[in-house]
Amino acid sequence: KLHRERLVDALHANIPKKLIVIAAPPGYGKTTLLADFHHHTEIPTCWVRLTEADADVMHLASLLQHSLERRFRRLRGRPNLDALASASPAALARSFASAIETHVGEAFAVLMDDVHLINSSRPVLEFLDEFLACQPGQVTLIAAGREVLDISLAKLMAEGNLAGFGPQDLALTPMELTEVARLQLWVNLDAAEVDSLLEETRG
């Protein structure tokens, strides 16, 4: 895979923020960028690959907990999801934030992919809104999908806690396209071919 250093560096530069949004149509390399970041960062990362089933807030909570436990053994069983089965999405989010605040001291990132699949679920969006509101400072949520998460972004933006990457950012540069063609197709494109492909595909 192509290592997109400029984008990985940009993600690193925004790690102090609470939320980094990566939103673009299919084919722009959102998942590949998350993987690239995962392989070129020194901070721990927790993968959360969403499916339509995660529109259920408890299903999402279980998936998130499993990912956190795999990276931080001290979070095993925290929070206690069985005890929180009837809790509101906001209370559930506060329990996650409290567990992380108490048991994880180092900075880390949660890489949440395909977030457009949960945009229709109000309970899940309420959960994420509350989690971001009380999110411990050592956590960064990187949310990638075909759409921007339908949550309250204005406050995060006003606080300087939001960064975003769209199609123009993810589009291949001429140098990157040349390298992709060499690595994956074993061909060397000339400048005219690069320009033509970039125009045809919009990067």
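## A salt-bridge trio to start

Arg4, Arg6 and Glu176 are tied together in a network of salt bridges. Keep in mind that this is a predicted model. In total, the structure holds eight salt bridges, and a few others are worth a look further down.

## The sheet

Now for the sheet. Five strands make up an open sheet, with parallel pairing and the order 2-3-4-1-5. The edge spots go to strand 2 (45-49) and strand 5 (162-165); each has a single partner strand, so one side of each is left without a neighbour in the sheet. From one strand to the next, the twist averages 15°.

## Strand 1 and its neighbours

Which strands does strand 1 pair with? One is strand 4, in the parallel sense and over five bridges. Here isoleucine 20 of strand 1 sits opposite isoleucine 142 in strand 4. Strand 1 (residues 19-23) also pairs with strand 5, again in the parallel sense, over four bridges. Along that pairing, leucine 19 stands opposite leucine 162 in strand 5, and valine 21 has glycine 164 of strand 5 across from it.

Is strand 1 buried or exposed? Five of its five residues are buried, so strand 1 is largely enclosed by the rest of the structure. In a regular strand the side chains alternate between the two faces of the sheet. Both faces of strand 1 are covered here: Leu19, Val21 and Ala23 are buried on one side, and Ile20 and Ile22 are buried on the other.

## Two nonpolar cores

In soluble globular proteins, nonpolar side chains tend to be buried together. The largest nonpolar core in this model has 41 residues, and Leu19, Phe96, Phe108 and Phe127 are the ones with the most contacts inside it. Strand 1, strand 2, strand 3 and strand 4 (139-145) each supply at least two residues of this core, and so do helix 3, helix 4 and helix 5.

Take Phe127 as a way in. Setting aside its neighbours within four places in sequence, phenylalanine 127 is in contact with Val57, Leu60, Leu64, Pro89, Leu92, Ala93 and Phe96. Apart from the largest core lies another one, of 19 residues, with Ile15, Ile22, Leu170 and Ala171 among them.

## Arginine 49 and two aspartates

What does arginine 49 meet in a salt bridge? One partner is aspartate 113, with 3.3 Å from N to O. This pair links distant parts of the chain, since arginine 49 belongs to strand 2 and aspartate 113 to strand 3 (residues 108-113), 64 residues apart. The two ends sit in different surroundings: arginine 49 is partly exposed, at a relative accessible area of 47%, while aspartate 113 counts as buried at 0% relative accessibility.

Aspartate 114 forms a salt bridge with arginine 49 as well, the closest N and O atoms being 3.2 Å apart. That pair, too, links distant parts of the chain: arginine 49 is in strand 2 and aspartate 114 is in the loop between strand 3 and helix 5 (122-133), 65 residues apart. Aspartate 114 is buried, with a relative accessible area of 17%.

## A loop-to-loop salt bridge

Glutamate 106 and arginine 74 also meet through their side chains in a salt bridge, at 2.8 Å from N to O. Both residues are in loops: glutamate 106 in the one between helix 4 (89-103) and strand 3, and arginine 74 in the one between helix 3 (57-71) and helix 4, which puts the pair 32 residues apart and links distant parts of the chain. Glutamate 106 is partly exposed, with a relative accessible area of 33%, and arginine 74 is partly exposed too, at 37%.

## Cysteines without disulfides

A disulfide is a covalent bond between the sulfur atoms of two cysteines. How many disulfides does the structure hold? The count is zero. For cysteine 46, the nearest cysteine sulfur is that of cysteine 134, and it is 17 Å away. Within 2.5 Å is the cut-off for a disulfide, and cysteine 46 is in none.

Seen from the other end, cysteine 134 is in no disulfide either, with the sulfur of cysteine 46 as the nearest cysteine sulfur. As for accessibility, cysteine 46 is buried, with a relative accessible area of 1%, whereas cysteine 134 counts as partly exposed at 29%.

Methods: Residues numbered from 1 in each chain as written. Predicted model: local features only at pLDDT ≥ 70, side-chain atom pairs only at ≥ 80, totals over all residues. Heavy atoms only, no water. Pairing = 2+ DSSP bridges. Axes fitted to C-alpha atoms, helices over the stretch in contact; angles between N-to-C directions. Salt bridge = Lys/Arg side-chain N within 4 Å of Asp/Glu carboxyl O. Buried < 20%, exposed > 50% of the residue type's maximum accessible area, 1.4 Å probe, protein only. Core = buried A, V, L, I, M, F, W, Y, C linked by side-chain atoms within 4.5 Å. Contact = heavy atoms within 4.5 Å.
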